[in-house]
Amino acid sequence: MKASDLVVRCLENEGVKYIFGIPGEENTDLIDSLIGSDIEFIVVHHEQAAAFMADVYGRLTGNPGVCLATLGPGATNLMTGIGDAYLDYSPVVAITGQAGLERIHKESHQYVDIVSMFEEITKWSQQIRVAHTIPEIIRKAFKKSVLDKPGAVHIELPEDIAMMDTEGEPLPVTPMPISSPAEDEVKKAAQLINRAKRPIILAGNGVIRDGASDALRDFAETKNIPVVNTFMAKGVLPSDHPLTLYTVGMQAKDYVLCGFDLADCIITVGYDFVEYLPKYWNDEAMNPIVHIDTLPAEIDAYYPLEAELIGDVKEALEALNSQVKQKQLWSEVKQLKSQLVEKLHASDEASGSPVKPQRIIADIKKAEKGEAIVISDVGAHKMWVARMYQPEKPNHTIISNGWASMGIAVPGAIAAKLANPNNPVIAVTGDGGFLMNGVELATAKRLGVAMVIIIFHDAKYGLIEWKQLNKYDRSNAIEFTDPDFLEFAKSFGVKGIKVKHSDELLPALEEALASEDIVLVDVDVDYSENVELSKTLGDYICKL
């Protein structure tokens, strides 16, 4: 058989349903080998979008998302989305074409060393040099992408290798090993928590990655320990749960810090340093840390470890649960929770034109009724989503956090709908982020997916303006000219709704979510309170 046929057989063996990408001259054999396969090749309009789709698909399913590009510019266009998967620990397998081996030792058309470039943003980057190694390389790539903390891997397939005759069979897909934490560390952690008067849990991305949300909730409820989540762990507890102290991660003196300031023991569960550095929530390095994760903790002066439970997060929580005594909920938590709720909902009914971001977030929540998967782009709106929007379920809010890349929302929403066709999907984006990959409306329309796109429209790079005003009290080079987004949507056969006043917003969102098609909702946003939020963060520290 042809080597590219063997690659496809190996991908089928791994359970791949979709490959996101763009065909090119150097991957034509692989594209041709997909004819007759059960794998659906989803053609996109930019390779960055293909990588974002694979990234979000991997996060939501736990199975590696797969993206494909040709050599040179096709491969480098993947890198932004691959970097996002790498820093946010999403399982992705990226495949790129390459020039034939006979010309990669010299200057050659479109040739650069892509394998070396991808080494910095993947867990493993490997060129296939011998056709009969394909089954080993494909199996290793998929295993590494989900092993320990998941992440992106990269395979390069030169065009002369792809067309070679070869023999081989896909290797068996074996269950991933599940490790349990050392008993001595469990005992040490339990003793530390049992001595604590005011323990608090910091839940990170790994709780959702390891499917440990139920175990975390059971542990918190049976032991009466409050929970704070990072941006990436939204939904580990429902928004009305008495133990949730909501979201931390603004990288400032966040109002949630009042919980950390009062705590005498912090239990981090599935927490990645890239989510929110310890110096922002343990700035005096006073609180002892119990670390629960699949890998040992990074070394950090603000992260004084007392116990490390390394292994499957769910297994670790269950082991700890059996040895920690039920505690009395520390008295300040209810007051703290009350103050947080007041701050979160103070502007839910804010009226006017343009629309305040708090009102947009509140109306999204009312319209989607706790069922939607929300994909947030990066920009000023992301900070409001991260702070204000509280989903009811894990993996119902996807935020690009570690890499923080603009352009993820629209392609991410397409992937979310493919992964979860029965859930409503909402892409929340700024106008700047939308224009980076808005062309993927054509992909969404071709696929027939239903989703809602909400544009926070201010005709500028609002987050950069926010940072400039905080630092210099002036801004520069952040404004741009937008197209008519409704006409833009119409050109793709997509319905658009313009919202200029808050009174128009909820009906527009309800209409969009009731549709079985793509609907774009263009909302004029009032970001005048961005700087005010930054300046008053210190005032949000609760005095209990």
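**Entry 1: Asp 363**

In which helix is Asp 363 found? I looked it up in the model, which is predicted. Asp 363 sits in helix α14. Next I asked whether Asp 363 is buried or exposed. Its relative accessibility is 1%, so I put Asp 363 down as buried. The cut-off for buried is under 20%.

Then I listed what Asp 363 touches, leaving aside its neighbours within four places in sequence. Asp 363 is in contact with Ser 502, Leu 505, Leu 506 and Leu 509. Three of these names turn up again in the next entry, so I kept the page open.

**Entry 2: α14 against α21**

I followed those contacts to helix α21, residues 505–514. Helices α14 and α21 pack at an angle of about 40 degrees. Their axes are 9 Å apart. How do the two helices lie to each other? They are oblique, I noted. The crossing of α14 and α21 is right-handed.

I wrote out who makes the contact. From α14 come Arg 359, Ile 360, Asp 363, Ile 364, Lys 366, Ala 367 and Glu 368. From α21 come Leu 505, Leu 506, Leu 509, Glu 510 and Leu 513. Asp 363 is thus one of the α14 residues in this contact.

**Entry 3: α14 against α15**

Helix α14 covers residues 357–368, and helix α15 covers residues 380–388. I looked up how this pair packs. The angle is about 55 degrees, and the axes are 10 Å apart. This pair is oblique too, by the angle I had just noted. The crossing of α14 and α15 is right-handed.

Which residues meet here? Pro 357, Gln 358 and Ile 361 of α14 meet Trp 384, Val 385 and Met 388 of α15.

**Entry 4: the sheet with β16**

I turned to the strands. An open sheet of 6 strands runs in the order β14-β13-β15-β16-β18-β17. Its pairing is parallel. Which strands are at the edges? They are β14 (397–399) and β17 (495–499), and each pairs on one side only. Neighbouring strands of this sheet are turned by 15 degrees against each other on average, direction ignored.

I checked one pair inside the order. Strand β16 (residues 451–457) and strand β18 (residues 518–524) are joined by 7 bridges in the parallel sense. I picked Val 452 and looked for its bridge partner in β18. The partner is Val 519.

A helix lies across this sheet. Helix α16 (residues 409–419) crosses over β13 (373–376), β15 (425–430) and β16. Its direction is at about 175 degrees to β15.

**Entry 5: helix α19**

Which residues of helix α19 (residues 462–472) are buried? I found Gly 462, Leu 463, Glu 465, Trp 466 and Gln 468. Just after α19 comes Asp 473. Asp 473 has a positive phi of about 60 degrees.

**Entry 6: the sheet with β1**

I looked up another open sheet of 6 strands. The order is β2-β1-β3-β4-β6-β5, and the pairing is parallel. The edge strands are β2 (40–43) and β5 (124–127), each pairing on one side only. The twist averages 20 degrees from one strand to the next.

How many bridges join β1 (residues 18–21) to β2? I noted 4, with the two strands running parallel. Within this pair, Ile 19 has Phe 41 of β2 as its bridge partner. Helix α4 packs on the sheet and touches β3, β4 (92–98) and β6 (152–158). The direction of α4 makes about 165 degrees with that of β4.

**Entry 7: Gly 72**

Where does Gly 72 lie? I found Gly 72 in the loop between β3 (65–69) and α4 (73–87). Gly 72 counts as buried because its relative accessibility is 7%. I also looked up Gln 98. Gly 72 and Gln 98 are 26 residues apart in sequence. In space they are 7.8 Å apart, C-alpha to C-alpha.

**Entry 8: the cysteines**

A disulfide is a covalent bond between the sulfur atoms of two cysteines. How many disulfides does the structure hold? The count is 0. I asked why Cys 10 has no such bond. The closest cysteine sulfur is in Cys 67, and at 18 Å from the sulfur of Cys 10 that is too far for a bond. The cut-off for the two sulfur atoms is within 2.5 Å.

Last, I looked up accessibility. Cys 10 counts as buried, with 3% relative accessibility. Cys 265 counts as buried as well, at 0%.

Note on methods. Residues numbered from 1 in each chain as written. Predicted model: local features only at pLDDT ≥ 70, side-chain atom pairs only at ≥ 80, totals over all residues. Heavy atoms only, no water. Buried < 20%, exposed > 50% of the residue type's maximum accessible area, 1.4 Å probe, protein only. Pairing = 2+ DSSP bridges. Axes fitted to C-alpha atoms, helices over the stretch in contact; angles between N-to-C directions. Contact = heavy atoms within 4.5 Å. Parallel < 35°, antiparallel > 145°, perpendicular 65-115°, else oblique. Left-handed = near helix turned anticlockwise from the far one by under 90°.
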